[in-house]
Protein chains: 2
Amino acid sequence: MAVLAVDVGGTKLAAGVVDDGGRLVAAERIPTPQPVDAEGLWRTLEALADRVLGGLPVAGVGIGCGGPMTWPEGEVSPLNIPAWRAFPLRERFVKKFPGVPVRLHNDAICVAVAEHWRGAGRGSSNLLGMVVSTGVGGGLVLGGRLIDGASGNAGHIGHVVVEPDGVPCKCGGRGCLEAVARGPAVVAWAQSQGWRTGSTGVTARELVDDASREHPIALAAMNRAGRALGVAIASAAHLCDLDVVAIGGGLSQAGPLLFRPLEEAYRAHACMEYAKGLRVVPAMLGQEAGLIGAAALVLAGPRYWSAD
Amino acid sequence: MAVLAVDVGGTKLAAGVVDDGGRLVAAERIPTPQPVDAEGLWRTLEALADRVLGGLPVAGVGIGCGGPMTWPEGEVSPLNIPAWRAFPLRERFVKKFPGVPVRLHNDAICVAVAEHWRGAGRGSSNLLGMVVSTGVGGGLVLGGRLIDGASGNAGHIGHVVVEPDGVPCKCGGRGCLEAVARGPAVVAWAQSQGWRTGSTGVTARELVDDASREHPIALAAMNRAGRALGVAIASAAHLCDLDVVAIGGGLSQAGPLLFRPLEEAYRAHACMEYAKGLRVVPAMLGQEAGLIGAAALVLAGPRYWSAD
């Protein structure tokens, strides 16, 4: 059985074919066209899917997409894709591939599912998968099953509060993990402290490079982000009794520059006996995770799809 | 089918008979004997169970007990019962009632189960049940099932971090919800601010009474506890996508003195669209919750017992 997997993000569109062993046997990736209108973007995605399939029959379609969205209906309004507001993405694939299951979930949830199914969380029954990048998202697997929550948003650790009187968050709250640890926030904080002041367009990648050269402000910025992650993970571990946290996304590429302060803060706050054995590990599947997790919604439905 | 339900706490022991409609048809409650040795306490509990049963046949036994414990094995070491350290409580009931299911869980988890099964969370699929009392505990029901986590400790919201540089917690961490909002901590904070300075043995009940008379320090203490609860619940709602939080335990009796600052803090921090519909409600079942939830481990096993 081969499944079409689709991953829709603000910067790239990807489509692939995943076999029932969870192997990505074909994949193609293109930049998300900008500017574009709703139908133009759909036609681009449809053509990408056709190309990667090459006429292969499809036993199902799994889709990961940036949020927010209605779930499980799959009308999507991705923050970083202004062309789509309440766009019926799942319905379009249902019409294109009638008679097979078509399942759609948040892209960060698909990454968490992939890491549980075939990646760093394999064998664990209680995992939080995280993506630390332009935003901070995630997905929760508890008791061996994907947890959806009331509206398909469970796992969204980006809005766990790490500092109640902290910096404002785009969500309207204060001191959310995402407001401190998302890439652009880490860069902005470093600049506010004097790092590359006056420069524009500097990236988290450059900040990490400077931190690896022991630039003190860049290092402080990474420490601040790592600590916020450690505090939020301690809260999640105490609340959900996790055994693995797998962290992917651009900023996680910083390695020990991020993971060392993270683990220090985790150890300082996760003091209940049951939380001490938690393993915090880098995600394993890289940019393939989104496609593999989307496919798992279909290929491993009993574990990862509760909505039928 | 009638089930023996047992609830073991540091201040009281309770036993009851619960029918399969979830009705508590008989119950008896006694103070936990202190001081006592391990076997003496067991004999007291056994006699209480025999008395409440009055020879009735038993289809199963459900037990709630203060933690920590090994789960699902049920060797208990309740913090407030020094006589029992790794006491094989579940095994004792297995020997006493051979051939029927005997299931044991944390007492706060039993309260959450009861509120989901027959109380304030009835009809919800995603509930956090909380007990705010001498400690702060809880239990999580997600996707309609009790979440156990890796070691049976899921739901323990008392150690969600609400203030990373906050007051030390007995667990060894800092700024845990429990360190701020458990009854004795609220009283201690009020005394540190000048409330009934020099008095000993003042209670949370007296603090609540003074707050209801608008004593400014007592009010400030309740506000501080309520805010900490609101922040922790916002984190839990964002992470787990809840639809109901049901709060019981002694301090929750304070009503609006606690719930008003709680809801203000919740609204300030729970700003993601999907978290706005959450209902925070008082628990409904009072002191019966522990027995009813313990019975539900047996009577509604498919939802509340995953360990067989």
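This is a conversation about reading the features of a predicted two-chain model.

Biologist: What do I need to know about numbering and about which parts of the model count?

Modeller: Residues are numbered from 1 along each chain as its sequence is written, and chains are lettered from A and ligands numbered from 1 in the order in which they are written. The model is predicted, so local features need pLDDT of at least 70 and side-chain atom pairs count only at pLDDT 80 or more, while totals for chains, interfaces and linings use all residues; side-chain values use heavy atoms, with hydrogens and water left out.

Biologist: Okay, helices. How do I check the span of helix α1 of chain A?

Modeller: Helices here are DSSP runs of H or I with at least four residues, strands are runs of E with at least two, and both are numbered from the N terminus. The expected span is 1.5 Å times one less than the number of residues. For the 16 residues of α1(A), 38–53, that gives 22 Å, and the end C-alpha atoms are 23 Å apart, which agrees. Just past the helix, A:Gly54 has a positive phi of about 55°.

Biologist: Which residues of α1(A) are buried?

Modeller: General idea: an α-helix has 3.6 residues a turn, so residues three or four places apart point the same way. "Buried" is under 20% relative accessible area, "exposed" is over 50%, and "partly exposed" is in between, using a 1.4 Å probe and protein chains only. In α1(A), the buried residues include A:Leu41, A:Leu45, A:Leu48 and A:Val52. Their cover includes β1 (2–8), β2 (12–19), β3 (24–31), β6 (87–88) and α2 (89–96) of chain A, where contact is heavy atoms within 4.5 Å.

Biologist: Now strands. How does β1(A) run relative to β2(A), parallel or antiparallel?

Modeller: Two strands pair if DSSP finds at least two bridges between them. β1(A) and β2(A) have seven and run antiparallel, with A:Val3 opposite A:Val18. They make a hairpin with three residues between the strands. On to β3(A): seven bridges join that strand to β2(A), again antiparallel, and A:Ala15 has A:Glu28 as its bridge partner. This second hairpin has four residues between its strands, and A:Gly22 there takes a positive phi near 85°.

Biologist: Is β2(A) enclosed or open to solvent?

Modeller: In a regular strand the side chains alternate between the two faces of the sheet. Seven of the eight residues of β2(A) are buried, so the strand is largely enclosed by the rest of the structure.

Biologist: What is the strand order in the chain B sheet?

Modeller: The order is β3-β2-β1-β4-β7, an open sheet of five strands with mixed pairing. β3 (24–31) and β7 (102–106) are the edge strands, each pairing on one side only. The twist averages 15° from one strand to the next. Helix α9 (289–299) of chain B lies across β1, β2, β3, β4 and β7, at about 130° to β1(B); axes are lines fitted to C-alpha atoms, for helices over the stretch in contact, and angles run from 0 to 180 degrees between N-to-C directions.

Biologist: Where are the odd backbone angles?

Modeller: Most residues other than glycine have a negative phi, and most peptide bonds are trans. Here a cis bond joins A:Trp71 and A:Pro72, with omega about 5°, and A:Pro72 is in the loop between β4 and β5 of chain A. Another cis bond joins B:Gln34 and B:Pro35, with omega about -15°; B:Pro35 lies between β3 and α1 of chain B. As for phi, A:Asp241 has a positive value of about 55° in the loop between α7 and β11, and at 0% relative accessibility A:Asp241 counts as buried. B:Ala86 has a positive phi near 50°, and at 42% B:Ala86 counts as partly exposed.

Biologist: Last one: how are the two chains related?

Modeller: Copies are superposed by least squares on C-alpha atoms of residues with pLDDT of at least 70 in both. Chain A goes onto chain B with an RMSD of 0.0 Å by a turn of 180° and a shift of 0.0 Å along the axis. That's the relation of a two-fold axis. The same surface serves both copies, with 100% of chain A's contact residues recurring in chain B.
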